[in-house]
Amino acid sequence: MSAEKTPCISAIDTTNFARQIVLDFEFAPVPKQRQRRRLRNEIIEVGAVKLDYHGSVMGEFSQFVQTEYTEGVAFPVRELTGISAVDTAMADPLYVVIKRLSDWIGRYFAQIVCWSGTDRRQLLTECQAKHIDLSAFPTDWADLQTFYTSIMDVGSHGRVSLGDAVTWFGIEFDESTGHAHSALADARVTAKLLKQMMDGDYRASPRAQEVRQRWGMGARAQTRLSSKCPELGDLLLKLKAEGLGNLLRMAGGLG
């Protein structure tokens, strides 16, 4: 893959929901004796949602993936995701699923939004190991976890799980997918979280206190971000117009 085609991490496009494809992978570990070219995991499921100009879901993509080096699905992964060895054995290999996903995205200027950079690293590593062409796949990726921790009062506590982030905002996983940790369910709640953040809806849920206690953050309650920062309205307008970089600079000046 050429350097100019290598997917890179950029700031979230806060001006255009319709650019964004929210993507999630589930993977299974590759046994040490079968690992090739630093490939320690294999993708076993792909879930994605496509947003319209209002941030509402206008399309969904969900497929299992047949593994090449992993035999079956380890019990912890099966328990977490609900994905069985039959699901992966009956599925198409990754190169077919990625081609299908690229066709479904259908827009060369799309921005891929994931929760953390893990999905991007997994896709790059696995496609390099399996000689899968990514030239038709979007190269603009955004890390919603980094965006979240930069605007919420949790940056000093390291990585924030998707479960904790959605609990903070009172977002529920869609039980119709069967498991909270299916790729499509995770993509759906990530899209909801993205919309709330971009709409400026930072109201904490009653269960946010559970998250604070789990992080050892004490009893200080967080309500709306505007209660801490009266200039929030202006900041949100500038966020939508200018993106994350300028917001971070302004937030630093207000601190």
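A residue counts as buried under 20% relative accessible area, as exposed over 50%, and as partly exposed in between. The exercises below apply this to a predicted model.

**Exercise 1.** Classify Asp199 and its salt-bridge partner as buried, partly exposed or exposed.

*Solution.*
1. Asp199 forms a salt bridge with Lys195, with 2.7 Å between the closest N and O atoms.
2. Asp199 has a relative accessibility of 38%, so it is partly exposed.
3. Lys195, at 26%, is likewise partly exposed.

**Exercise 2.** Locate the partners of the salt bridge between Glu60 and Arg188, and classify each by accessibility.

*Solution.*
1. The two side chains meet at 2.8 Å, N to O.
2. Glu60 belongs to strand S4 and Arg188 to helix H7; the pair links distant parts of the chain, 128 residues apart.
3. Glu60 has a relative accessible area of 37% and is therefore partly exposed.
4. Arg188, at 14% relative accessibility, counts as buried.

**Exercise 3.** Determine which parts of the chain the salt bridge between Arg34 and Glu71 ties together.

*Solution.*
1. The side chains of Arg34 and Glu71 meet at 3.7 Å, N to O.
2. Arg34 is in the loop between strand S2 (20-29) and S3, while Glu71 is in the loop between strand S4 (57-66) and helix H1 (75-81), so the bridge ties together parts 37 residues apart in sequence.
3. Arg34 is partly exposed at 29% relative accessibility, whereas Glu71 is exposed at 67%.

**Exercise 4.** Describe the surroundings of Glu42.

*Solution.*
1. Glu42 lies in strand S3 and, at 0% relative accessibility, counts as buried.
2. Its side chain reaches the backbone nitrogen of Glu68 at 2.8 Å.
3. Beyond its neighbours within four places in sequence, Glu42 has contacts that include Phe27, Tyr69, Gln122, Glu126 and Lys130.
4. Glu42, Glu126 and Lys130 are joined into one network by salt bridges that share partners.
5. Glu126 is also one of the buried residues of helix H4; nine of the 12 residues of H4 are buried, so this helix is largely enclosed by the rest of the structure.

**Exercise 5.** Identify which helix gives the most to the largest nonpolar core, and examine Leu193.

*Solution.*
1. The largest nonpolar core has 32 residues, and Leu144, Tyr148, Trp168 and Leu193 have the most contacts inside it.
2. Strand S3 and helices H5, H6, H7 and H8 each give two or more residues to this core.
3. H7 gives the most, with eight residues.
4. Leaving aside neighbours within four places in sequence, Leu193 is in contact with residues including Trp115, Leu144, Tyr148 and Phe169.

Technical notes
Residues are numbered from 1 along each chain as its sequence is written. This is a predicted model: local features need pLDDT of at least 70, side-chain atom pairs count only at pLDDT 80 or more; totals for chains, interfaces and linings use all residues. Side-chain values use heavy atoms; hydrogens and water are left out. A nonpolar core is a set of buried Ala, Val, Leu, Ile, Met, Phe, Trp, Tyr and Cys residues joined through side-chain atoms within 4.5 Å. Buried means under 20% relative accessible area, exposed over 50%, partly exposed in between (1.4 Å probe, protein chains only). Helices (H or I, at least four residues) and strands (E, at least two) are DSSP runs, numbered from the N terminus. Contact means heavy atoms within 4.5 Å. A polar contact is a pair of N or O atoms within 3.5 Å; within protein, one must be able to donate a hydrogen and the other to accept it, and residues adjacent in sequence count only if both atoms are side-chain atoms. A salt bridge is a side-chain nitrogen of Lys or Arg within 4 Å of a carboxyl oxygen of Asp or Glu.
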